[in-house]
Amino acid sequence: MSEYYKSDVDKEKAPIYEALLAYRRSKQRSFHVPGHKNGQVYYQWMQQTEVVEDAPTEHSNRVVPVRTYLEMMEMDVTEITGTDDLHHPEGVILEAQELAAECFGAEESFFLVGGSTAGNLSLLLTVCDEPGSIILVQRNVHKSVIHGLMLAGARAVFLEPWVDPGSGLAVMPSLETIQAAVQKYPEAKGVFVTLPNYYGMGTDLTPIAGVCHEAGMPLLVDEAHGAHYGQHPELPVSALSCGADGVVQSTHKMLAAFTMGAMLHIQGPRLNRALLRQRLAMVQSSSPSYPVMASLDLSRRLLHVHGAEIFTAGLAAVKAFKRGLAELPRFQLLQPSGGLQREPQCGEQIPAAMPGRTGYTAQDPFKVVIYDDNGVLSGYGLQQQLEAYGCVPEMSDERYVVLLFSLGSTMQDAEQLLEALRHINTVCASEQSPLSSGVSPEPIRQRYPATYVSTWNNIQADHQLSEPVTFSLQPIKEEDTREVPIESCSGYRAAEMVIPYPPGIPLVYPGEQITQKVAKQIKVLRDAGAKFHGISDHTNRTLKVMKHEE
């Protein structure tokens, strides 16, 4: 049998999923965890109480597990003979991870059952291998990166992201900023960036990888929203193909895994893989979910076997939606002002001009970002209206609504979304006042004539590089804090994180001085209807800060 044929046969397999099917069919008696015993406890209870599945009586409010849920429990196992061990894989998990590496173009891939958070934490704990390690970090990173810095006791040099002037949205640090940081801090253990951003915006990572490698530093990429990148000619290329050393992907976000299913892909000699395995064991459960791992296995198989074809229906739905949206000029699309430049696919030669490109040149076609060009409905308001018509967006901010399509999207999805926007457009046109949006009625562009504040942006410094910021797990004592109105928090040092969610990008972290700009940003987002993690006051009226030293 040829190696090519062997590989072609192997990719048809889903080792973990097949092992769970075999376990389910075996009908073995369980004398191990989990305690539900393959769902048996619910079957027994339903028989004893004569409960009929999905058929509560008129006077009953009993919650009864549906058949599909119970069948899933029959595949919810632990580390027994035949199911392998995520933290010391030798069998089906090892085989599944090797197939994933082949599919995604990595030298080695690791399954994550704690989402991309587990991958970000493990990468940071690997490269920041001693207290006080310096690492160069994009400023507007996910909260898991801040937590990783705290766990590692690292010192972060924050890099200000480049901001697209057309949209006002931050993308990632420019090549020039990263070059300056690498030159100023040659002792840094690595560079950590996020690409694409939550809005599907990106640029070419190849020259940035080159700068990092020339300095002997690994490039680490939070590619949570780009698990599908590089898998179809109409999609941007993946961070791995651009030369990144460690890449974290949320397989559940843009591919077909269960929620919390993610992967960490590694290539090159710049990461200590033995230490990485130990860090992964630290941050992941010793009782990982087998259904989640099986979903990663199946998601990889779907992509591995069907290739680019698997995206055909989803892309067709996106294109149908965009054609329909063109007939509703009130609602505009976010896209690069200069148009998209086609990214090279794997194996193609990189154009000589590409290293000089900066900013926003790649857009994920599955991230459809729209806004009310009349400036009447905020993003939050438009989201409320869409939800009233049965269409639930991924997120919104005070200007934009992010609509997430995927390989699972259909023409019916696109048509319902268009129908909702047609209704909203008609109602807006017929009313004298704006639709209820939870914000003041004047147009957005009048309320924010010069600046745009986003839950994604965190742009604070006048300089492109911060001084090294020390992180630790040392808690702030309650007696050293006080609560002040958000309108009055400028000048204090924060005693808690302020994290608009989604997407989970901290505006301020404990110990950081709150600038007037950030205080205003928090207030604007709160008044516009943003939700926050980290703030202890659930009304978002006050913020816990450090007491001023006398």
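This is a short walk through the structure, stop by stop, with a selection to make at each one.

**Before you start**

The model is predicted, so local features are kept only at pLDDT of at least 70 and side-chain atom pairs only at pLDDT 80 or more, while totals for chains, interfaces and linings use all residues. Residues are numbered from 1 along each chain as its sequence is written, and side-chain values use heavy atoms, with hydrogens and water left out.

Helix and strand names follow DSSP runs numbered from the N terminus (helices are H or I with at least four residues, strands are E with at least two).

**Stop 1: the eight-stranded sheet**

Begin with strands E1, E8, E7, E6, E4, E2, E3 and E14, which form an open sheet in that order, with mixed pairing. Two strands count as paired if DSSP finds at least two bridges between them. Colour E1 (108–112) and E14 (469–470): these strands stand at the edges with a single partner strand each, so one side of each has no neighbour in the sheet.

Now select E7 (residues 246–249) and E8 (residues 262–266), an antiparallel pair joined by four bridges. Within this pair, Gly246 has Ile266 of E8 as its bridge partner. Add helix H12, which lies across E1 and E8 and runs at about 135 degrees to E1. "Across" rests on contacts, meaning heavy atoms within 4.5 Å. The angles, from 0 to 180 degrees, are taken between the N-to-C directions of axes fitted to C-alpha atoms, for helices over the stretch in contact.

**Stop 2: Gln284**

Next, pick Gln284, in the loop between helix H11 (273–283) and helix H12 (290–306). Is Gln284 buried or exposed? Gln284 counts as buried, at 8% relative accessibility; the cut-offs are under 20% relative accessible area for buried, over 50% for exposed and partly exposed in between, with a 1.4 Å probe and protein chains only.

Show what surrounds Gln284: beyond its neighbours within four places in sequence, Gln284 is in contact with Leu86, His87, Phe111, Leu112, Val113, Gly114 and Ala118. A polar atom of the Gln284 side chain lies 2.8 Å from the backbone nitrogen of Val113. Polar contacts are pairs of N or O atoms within 3.5 Å; within protein, one must be able to donate a hydrogen and the other to accept it, and residues adjacent in sequence count only if both atoms are side-chain atoms.

**Stop 3: the four-stranded sheet and its helices**

Switch to strands E9, E11, E13 and E12, an open sheet in that order with antiparallel pairing. E9 (331–333) and E12 (395–396) are the edge strands, each with a single partner strand, so one side of each is left without a neighbour in the sheet. Zoom in on E11 (residues 367–372) and E13 (residues 401–404), which run antiparallel and are joined by four bridges; Val369 stands opposite Val402 in E13.

Two helices lie across this sheet. H13 (residues 312–325) crosses E9, E11 and E13 at about 15 degrees to E11. H14 (residues 379–388) lies across E9, E11, E12 and E13, at about 45 degrees to E13.

Stay with H14, which is mostly covered: seven of its ten residues are buried, among them Tyr380, Leu382 and Leu386. At its start, a side-chain oxygen of Ser378 comes within 3.3 Å of the backbone nitrogen of Tyr380. Just after H14, look for Gly390, with a positive phi of about 85 degrees.

**Stop 4: aromatic pairs**

How many aromatic pairs are found in the whole structure? The search finds seven, counting rings of Phe, Tyr and Trp (its six-membered ring) with centres within 6.5 Å; planes under 30 degrees apart are stacked, over 60 edge-to-face and the rest tilted.

Select Phe311 and Phe366: their ring centres are 6.2 Å apart and their planes at 40 degrees, so the pair is tilted. Phe311 is in the loop between H12 and H13, and Phe366 in the loop between strand E10 (362–363) and E11, 55 residues apart. Phe311 is buried at 0% relative accessible area, and Phe366 is buried at 1%.

Then select Phe471 and Tyr509, a tilted pair with centres 4.9 Å apart and planes at 50 degrees. Add Phe158 to complete the view: Phe158, Phe471 and Tyr509 form one aromatic cluster.
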